[in-house]
Each structure stands twice: as structure tokens, then as C-alpha cells.
Amino acid sequence: MIRNIILSIFLVTFFTGCDDFLDYTEHSFYDDPETIFSTYNRTRQFLADIYSTLPSDYDYDGIKKDESNQAMRSAATDEAEYVKQNHDVQKFTNGQWSAFKALDNNWSNYYTGIRSVNLFLDQIEGRTFDDYKYNEDYEEEQERYDKFQYEARFLRAFFYFELAKRYGDIPMPEGVVDDVNEINNIERSNFDDVIDYIVSECDAISEELPVTWSNQVFVETGRVTRGAVYALKQRALLYAASPLHNASGDLTKWEAAATAANAFLINPDFAYGFDAQYYNSSDMSKGSFNNRASSELIFERRDANSSLFEKANFPMGFEGANGNATCPSQNLVDAYQTSDGFDVMLVDGVWSAPGSSVFNPANPYDNRDPRLKQTIIVNGSTWKSTTVETFTDGANGLPLADATPTGYYLKKYVREDITIAGSNANTKEHAWVIFRLSEVYLNLAEAMNEAYGPTGAPAGFMMDATTALNMVRTRAAVGLPALSGLSQAELRAAIIRERQVELAFEDHRFWDVRRWRLFDSSNPDNVTEDIYGIEIVNNGGTFSYSKKLVDDRLWDDKMYLYPIPYNETTINSNLGQNPGW
């Protein structure tokens, strides 16, 4: 159930100069709000603690952080398979998911965050912090303090979105909630009403927040910016327009989503741009992931120095690897085209790419979309100056215990500059991307295509759907050929594919297949729930390949939404239950 809240505060190393707002924290606990909010620093630290509720998919539920719980939610999609078959993430797809066995159970976590925001907003109103009034930097700190309320309101709106995308209709408590029974007697608000609230909050606070914190009197990174607010608005409206929540196909919802994405992209104050590389696992200054300086990065969650994700996802056979890997699927590999823009197929052990002038069946991973080898470690990849062998009896392949069942290991987000064992073992920071520029272009492409078709663009729009998609495909870091002349249905399929490869392992695919209802047999873009891998045999220096079924998964349409956790429904009969659960 939603637990009684113990007010926790980040006791942060004092922030000066270019310190980061969210780094290197410890917790202390207070029972009395007056104790917390009577001083400026404690108030500021309380806000920092609310930031800690932000999600990441380094471990799928975001609750436990240890070596045995590094399963990404991607392992519950057609992106990947998790090595450990007895892990909770497998229950998403093996029929053991239920209201009694709730997965990714962040109901309490996000309502705790919402309750903390409400308390924060209630307590900071009218405070002047006499303890700080005579400091030389009081005016500058007051300017920063004045923005606290807008950061908190963004976080509350974001938490509501995270709840709504999981559960659909959800309760929306107003004001400070003092105990669990108050929340657990609130009726659920309609999904569209939740989205309307999120949009209204974004509209109210966006211009109150800076475009960047790097040019403020006190430089602090990692905080909510104006770009993050615009990004949340356009994502929320896209979900509201999608088939799962827009069964009637109301075009005005698609128009609203397109308008919001366009508003982000035409904003003259924003300086976001595409990085020269997609991902560089050994040099974080290049590419868009684990790189605070990325020009694509809009908003992220900061995680402290660690090597847990690397220990889980280094190829088995490397010293220190513990075999808790999220292993990319053949389903995902098949989505990467050749570098000249043609589909690649493996049928009855034969690779082909009809129409391509660059594809070589003897080296099926070469001359492909460059994002393939920057996302996935394939047989023959180099990792830590060692050639990875995922073929049968190879150094990193089956039958080695806990080796990849799919023939692939994860590269994206895994830091090659971390050493996980030995005297040189080290840890480094990780940054989970919540919003980045490519998603906004893809959201614009999707919404424009549904609202206006592949080439339609009303006055005030910077580009049409096809152009928006090509902005992602043809940029320097990717370099695929531009698409043209596609029908609405063909462009829709191309957008689905582009999101699959561009946003792989960024916790989009799990939600995309749901909001698009891609498991519907009547959907022309429908996908299989089954997971495939590759079996590779080394024939004395040449390789033969065969596609294999790795996981025969189960699907039920009730899984388009999460079940309300059973212990919540026993307390609050007003909650009801989502269909089928």
C-alpha cells in the first residue's frame, strides 16, 4: 500500500561553483516538517530528494539496486532476453504476472513522490529563511529559491505521467495528504483528465524555468529546465493520441501532439543538436549516453558511481562478469537495415539483403546501420581490446554458464572504460536519459503522419512527417538514405522501425508496443511476442548461422495496462481494477 511517508532529506556536500545539484548524497530522516523547512539548505535538500524518485531502467523496477537486480524492462520486450530465467522480469511474459504479483510496482513510489511535492509546495509558501537573510549571496539564493516550486511541479506532473502510462486511470490527490487512508479513498481520474492536468502544469511552469542552469549565478546541472517541460508535454500528448488511449482515432489529439513537438523544435531559445556519434562506450565525451555534455540531452537521472550495470552486462567470460545480462534479441538485430537502406533477412541459415550493393552474407553485421554495433556486441566485436566470441563453444558463448542465450550482448549504456575486476577495478557515474532530441523528432514524425499524412504541414510547422523522420535517419551519426514517396501506412511502419533502433534500450519499446496496440492480430504492424536469437557455428574460421527460438512468450490483451496492485484495491474499493485483471 502507499506507505506513511518518512520525510527524507539529502544531506549534500555543500554546493558551490559548478557543483551538481544531485550528486553524492546521504540520507537523514526527520519527523517534523518544521525542522526541514525552517532552513534554506534543508529545504533545498528536500527538493533534491524528490528528484531521486525519477526512474531509470538500469534495473527495471528502480527499487532494488544490487548485483542480482540489473534486469532492464527491455527484457520484457522484443528487444532482449534476460539471462536468469527465475528473475521477476520474466513474469511479464510467462503468465505469472497478476495483481497479487505486481511487477514494476512503483504505485507507492510515485505517490510518495507526489505527496512529497505537495508537502514541499505547502511548506515553502511565504518562507523567507531568516537564517540565510544576511549572507552575501542571499539575493542570488532567493532567485534560485523562487524556481524551486516550478521544479517540484514538473516532478509531480512527471510522476503522474509515469503512473498513467502504467495504469491508465489513476487517483489524483490534491493538496497535502497526511496519511494513507486519504489517498486510498480517492476515485480514479480519467486518463485524458490526467494528461490534461500534466499539459496545463507544463504550460503554467515552462517559462518560469531557465533554458539552462549553466549560465545561472549558481551553476548546477541535472535540474529541470524549460526544455524538459516542453519535452514532457509533447510526450504526454503523444501517448494520449495513441490507439491505446484514442480508440476513436480522434485527429485533434494527434494535432495537439504534433503542435507540442513542433513547439519544442522551433523554440529559438533551445540549443539542442545532434551529436557526431551515437554511442562511444569507451569515451563518454562522444555520443549521447552517459554523457552530461551531450547536445542531444534534454533531461536525465543521475546515478552515483557504480559498476553494477557493467558487472551484469560485460560478456560472460570476462573476469568479473556475473551473468545477469540483458541480451539483445535477433528480433532487434533484424530491424537494423544495411547502410544503403535495405532490409536484412536470415532465412534457413542464409543471410540476404535484396537490393543492397554493400551487404556481404559472410560478414552479416558489417555495412549495417552504424547504430547496430554501437548498441549491440555481436560475434567478432572488440570489447576491452578482446575479440568477443559468441559462437558455440566460443569464449563468451554457450554452453558457458550464463552466457548469452541470444548470441548477443548489450553495448549501449555499458561503460567500456570501467574495469570490473582486479586491482584496477573502478566505478563511474551513469546518467539515464529521460528525454533527448531524437525522440522529439520521432514524436513529431509520428503525430504529423497521423494528423496530416507523410508530406502535409500546416502553416507554422517547421517540417512534415517524412522530413522529421529523415532528420534522425540521415544525421551524421547514422547516415542512412532519406525516405521519400511513402504512403501513410508505409511511413507509420518506418517510424515504428526507427523508434525501435534509435531508442533501443531507452525504455521506449515496452510502452510503444502497448500504446500502438502492436499485439493486436488486426494491426498491420503487429509483432510477435516470441524472442529469437542466433546460433553460430565456427567452421574453421568461417561461420554458419541459424535463427533459433529463445523464449516462447505469452501475451494477453489485459497486459496493455498494468493491474492495480491487489493490496491497494483492498484498501480503496473506489479503485476498481483494470480490465481482465
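Before I place any residue, let me say that helices here, at least four residues long, and strands, at least two, are DSSP runs numbered from the N terminus. With that in hand, asparagine 290 can be placed in the loop between helix 8, residues 251–266, and strand 6, residues 297–306. Please keep in mind throughout that what we are looking at is a predicted model.

Let me stay with asparagine 290 for a moment. Most residues other than glycine have a negative phi, and most peptide bonds are trans. Asparagine 290, however, has a positive phi, near 55°. Its relative accessibility is 7%, and because anything under 20% is taken as buried, asparagine 290 counts as buried.

Phenylalanine 505 also has a positive phi, in this case near 65°, and you will find this residue in the loop that runs between helix 14, residues 488–502, and helix 15, residues 509–515. With a relative accessible area of 0%, phenylalanine 505 is buried. On the peptide-bond side, the bond from leucine 398 to proline 399 is cis, with omega near 10°, and proline 399 sits in the loop between strand 12, residues 386–387, and strand 13, residues 409–410.

Now let me step back to the whole chain. The protein has 16 helices and 16 strands, and of its 581 residues, 59% count as buried. If we take the contacts with a separation of 6 or more, 69% of them are made by residues 24 or more positions apart.

Some individual residues illustrate how distant parts of the chain are brought together. Phenylalanine 318 lies in the loop between helix 9, residues 308–313, and strand 7, residues 326–328, and at a relative accessible area of 14% it is buried. Which residues does phenylalanine 318 contact, once its neighbours within four places in sequence are left aside? They are Trp383, Lys384, Thr386, Val388 and Asn396. For asparagine 396, which is 78 residues away along the chain, the C-alpha atom is separated from that of phenylalanine 318 by 7.9 Å.

Arginine 44 gives another such pair. This arginine lies in helix 2, residues 40–51, and although one may think of arginine as a charged residue, here arginine 44 counts as buried, at 2% relative accessibility. Its C-alpha atom is 9.9 Å from that of phenylalanine 120, with the two positions 76 residues apart along the chain.

Aspartate 556 belongs to the loop between strand 16, residues 543–551, and helix 16, residues 566–571, and is partly exposed, with a relative accessible area of 39%. The C-alpha atoms of aspartate 556 and glycine 95 are separated by 8.8 Å, and these two residues are 461 residues apart along the chain.

Let me turn to helix packing. Two packed helices are described by the angle between their axes and the distance between the axes. For helix 6, residues 191–205, and helix 7, residues 226–241, the axes come within 9 Å and cross at roughly 160°. Since an angle over 145 degrees counts as roughly antiparallel, helix 6 and helix 7 are therefore roughly antiparallel to each other. The crossing of helix 6 with helix 7 is left-handed. From helix 6, the contact takes in Phe191, Ile195, Ile198, Val199, Cys202, Asp203 and Ile205, while helix 7 contributes Val229, Leu232, Lys233, Ala236, Leu237, Tyr239 and Ala240. Sorted by class, that contact has 12 nonpolar residues, no polar ones and 2 charged ones.

Helix 7 also packs with helix 12, residues 437–452, at an angle of about 35°, with the axes 11 Å apart, and this crossing, too, is left-handed. Here Gln234, Arg235 and Leu238 of helix 7 meet Glu439, Val440, Asn443, Glu446 and Ala447 of helix 12. The residues of this contact divide into 3 nonpolar, 2 polar and 3 charged.

Finally, a word on the cysteines. Cysteine 202, which we have just met in the contact of helix 6 with helix 7, counts as buried at 2% relative accessibility, and cysteine 327 counts as buried at 0%. How many disulfides does the model contain? The count comes to 0 disulfides, where the rule asks for a pair of cysteine sulfur atoms within 2.5 Å.

Conventions
Residues are numbered from 1 along each chain as its sequence is written. This is a predicted model: local features need pLDDT of at least 70, side-chain atom pairs count only at pLDDT 80 or more; totals for chains, interfaces and linings use all residues. Side-chain values use heavy atoms; hydrogens and water are left out. Buried means under 20% relative accessible area, exposed over 50%, partly exposed in between (1.4 Å probe, protein chains only). Contact means heavy atoms within 4.5 Å. Axes are lines fitted to C-alpha atoms, for helices over the stretch in contact, and angles run from 0 to 180 degrees between N-to-C directions. Angles under 35 degrees count as roughly parallel, over 145 as roughly antiparallel, 65 to 115 as roughly perpendicular and the rest as oblique. A crossing is left-handed if the near helix is turned anticlockwise from the far one by less than a right angle, and right-handed if clockwise.
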